Amino acid sequence: MTAFLLSLAVLIGGYLIYGALVDRLLATDSARQMPAYTMRDDIDYRPLAPWRVFLIQFLNIAGLGPIFGAIMGIMFGPAAFLWIAFGTILAGGVHDFCSGVISIRMGGRSLPEIIGSQLGKGVMNFTRIFSVLLLILVAAVFVITPAGLLSSMTPSWMDSSFWIAAIFIYYILATLLPIDRLIGNLYPFFGFALLFMAAGIMIVLFFGDTQIPVSFAEGFRTYDSRGLPVFPMMFVSIACGAISGFHATQSPMMARCLTNEKLARPIFYGAMVAEGIVALIWAAAAVAFTGGYDQLAAYMARDGHSAGTLVHDVAFSWLGVFGGILAVLGVVAAPITTGDTALRSARLSVADMLGFPQSGLWQRLAVAIPLFVLTAAVMIMDFNTLWRYFAWSNQTLATITLWAVTIYLARRTRFFSLALVPAFFMTTVSISYILCAPAPEGFGIPQTTATLVGLACACAATAALLIGRPVTTQFNPARK
């Protein structure tokens with residue numbers, strides 16, 4: 001329990017202290033003209049109440065990652081708690097907050113345009129393709145899993161195929177309709193279900209007849225059944241619960257709806273911290289429910305068992321039938337409310353790339369229909385393969401975004417290390433992972449060699465930045 005409480009304290013304290021520091025460096029300004037007003041079209045650019053924007057951002061980013069990713073990631077031992085806590089504060093929060101603010105200052109532009117403004121046209125074009133492919137992967141992944149959970153709670157005629165079709169139809173509508181129609185009205189209910197789930201599980205962890213068998217004194221050895229090392233595997237397994245490039249694809253959507261730049265910290269940094277808390281809760285719940293790491297490994301190894309099975313069993317065992325239904329609905333809502341905005345974000349990214357207006361329905365259809373077809377085609381792939389490539393793509397996009405943020409800050413303040421340090425670390429993680437991950441996912445080369453190559457690439461990128469960046473002679477947070 002001590003490890004859990006310390007990690008929770010880091011998350012809350014980090015938002016209050018470190019988040020305020022990042023806010024000062026970005027110099028958010030309540031007087032800045034916001035795209036929601038200057039570019040209002042009542043389709044994608046529309047002022048929304050801050051609480052709605054927070055819930056939409058939170059639900060956009062809180063897909064399966066902070067739940068399933070945390071359950072799989074805790075198999076790497078107590079180090080998972082540290083990564084969730086410090087990764088969220090030092091990397092994920094900085095990544096989400098800065099990308100959101102930069103988008104505001106660029107008129108709500110999408111992530112590839114943000115990256116291109118700092119890293120050049122070539123990187124922008126690569127990111128355009130890479131990010132759209134990632135968003136399609138997200139949409140495909142986040143149809144299959146909630147459909148399976150819903151089919152386990154409904155009559156036999158409402159099987160997985162039924163729910164896949166129903167969810168996909170909802171995705172089409174959410175992608176095409178004005179943001180305040182489906183997304184703006186449904187998210188408060190979905191948000192309640194997800195927050196109820198997290199709060200209910202936390203109450204049981206604190207006051208129920210259960211213990212969290214996690215201690216930092218146990219060291220940082222892995223409990224993964226495949227014997228995979230903590231570095232770099234854990235840092236990709238727990239993606240959305242600590243840092244995720246997908247989040248930066250979502251921030252521009254809310255940058256188009258914010259009414260005041262001073263709200264950027266609670267919306268972007270705050271939603272990331274809230275997601276970190278959800279990940280922390282589910283990591284703790286997984287080992288507490290099963291009784292320990294070895295027991296969790298045995299549970300997951302049984303035929304028919306998965307992270308989804310564990311979520312179902314924890315929810316109904318700890319919260320009863322009614323609470324379990326609400327909790328599972330919260331878990332179902334998380335991927336659905338990520339998948340719909342993934343396709344919406346893909347539409348906006350392609351439209352920005354083509355300079356194609358989106359005010360008319362036919363214009364939105366022209367961009368969205370090819371995306372729907374590609375998503376449907378990707379859904380026939382094996383889920384485990386989809387998830388693995390989604391996780392690595394997530395962290396790679398986060399790495400590129402962090403380098404863009406680093407350059408943005410380097411041109412404005414001497415204190416750009418707040419972005420440089422996580423950019424360096426995530427470069428090492430992403431390159432090391434794809435090199436040493438077992439085939440066919442990666443190249444399967446030895447961990448030590450892979451790590452050295454990753455470090456060398458991170459050092460080279462840092463050297464290029466330090467040699468080529470414009471020199472900032474004094475701290476000037478007011479510079480935009």
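## The overall picture

Of the 480 residues in this protein chain, 61% count as buried. Before going further, keep in mind that what you are looking at is a predicted model. The chain holds 18 helices and zero strands. Its radius of gyration is 21 Å, close to the 23 Å that the globule rule gives for 480 residues, so the chain is as compact as a globular protein of that length. If you boxed up the C-alpha atoms along the principal axes, you'd need roughly 55 × 50 × 40 Å.

Now for how the chain meets itself. Take the contacts with a separation of 6 or more: 83% of them are between residues 24 or more positions apart. On the outside, the accessible surface comes to about 17500 Å², and carbon and sulfur atoms own 68% of that. As for charge, there are 26 positive and 21 negative ones, and their mean positions sit 14 Å apart.

## Helix H9 and the loop after it

A good place to start is Leu 194, which lies in helix H9. Leu 194 counts as buried because its relative accessibility is 1%, under the 20% cut-off. Setting aside neighbours within four places in sequence, Leu 194 is in contact with Phe 58, Leu 59, Ala 62, Gly 330 and Ala 334. There's also a nice link across the sequence here: Leu 194 and Val 331 are 137 residues apart along the chain, yet their C-alpha atoms are separated by 6.4 Å.

Follow the chain onward and you come to Thr 210, in the loop between helix H9 (182-207) and helix H10 (230-237). Being in a loop doesn't put Thr 210 in the open: at 17% relative accessibility, this residue counts as buried. Not counting residues up to four places away in sequence, Thr 210 touches Val 204, Leu 205, Ala 288 and Trp 318.

## Helix H10 and its cis bond

Helix H10 is mostly covered, with seven of its eight residues buried. Those buried residues are Val 230, Phe 231, Pro 232, Met 233, Met 234, Phe 235 and Val 236.

This helix has something else to look for. Most peptide bonds are trans. The one joining Phe 231 and Pro 232, however, is cis, with omega at about 5°. Pro 232 itself lies in H10.

## The end of H14 and beyond

Next up is Asp 352, found in helix H14. Asp 352 is buried, with a relative accessible area of 14%. Leaving out neighbours within four places in sequence, its contacts are Arg 109, Ser 110, Glu 113 and Arg 256.

A little further along, Gly 355 is in the loop between helix H14 (307-354) and helix H15 (361-378). Here the picture flips: Gly 355 counts as exposed because its relative accessibility is 61%, and the cut-off for exposed is over 50%. If you want a sense of distance, try Gly 355 and Thr 145, which are 210 residues apart in sequence and 34 Å apart in space, C-alpha to C-alpha.

## Two backbone oddities

Most residues other than glycine have a negative phi. Ala 27 goes the other way, with a positive phi near 55°. You'll find Ala 27 in the loop between helix H1 (2-26) and helix H2 (35-38). Ala 27 is buried, with a relative accessible area of 13%.

Asp 42 is another such case: it is not a glycine, but its phi is positive, at about 60°. Asp 42 is in the loop between H2 and helix H3 (50-61). At 31% relative accessibility, Asp 42 counts as partly exposed.

## What about the cysteines?

How many disulfides are there? The count comes to zero. Cys 459 shows why: the nearest cysteine sulfur, that of Cys 457, is 9.4 Å away, while a disulfide needs the pair within 2.5 Å, so Cys 459 is in no disulfide.

Is Cys 257 buried or exposed? Cys 257 is buried, with a relative accessible area of 0%. Cys 459, on the other hand, is partly exposed, with a relative accessible area of 44%.

Note on methods
Residues are numbered from 1 along each chain as its sequence is written. This is a predicted model: local features need pLDDT of at least 70, side-chain atom pairs count only at pLDDT 80 or more; totals for chains, interfaces and linings use all residues. Side-chain values use heavy atoms; hydrogens and water are left out. Buried means under 20% relative accessible area, exposed over 50%, partly exposed in between (1.4 Å probe, protein chains only). Helices (H or I, at least four residues) and strands (E, at least two) are DSSP runs, numbered from the N terminus. Contact means heavy atoms within 4.5 Å. The radius of gyration is taken over C-alpha atoms; the globule rule is 2.2 Å times the number of residues to the power 0.38. Accessible areas come from the Shrake-Rupley method with a 1.4 Å probe; for residues, only the protein chains shown count as cover. Lys and Arg count as positive and Asp and Glu as negative; His and the chain ends are not counted. The place of a charge is taken as NZ of Lys, CZ of Arg, CG of Asp or CD of Glu.
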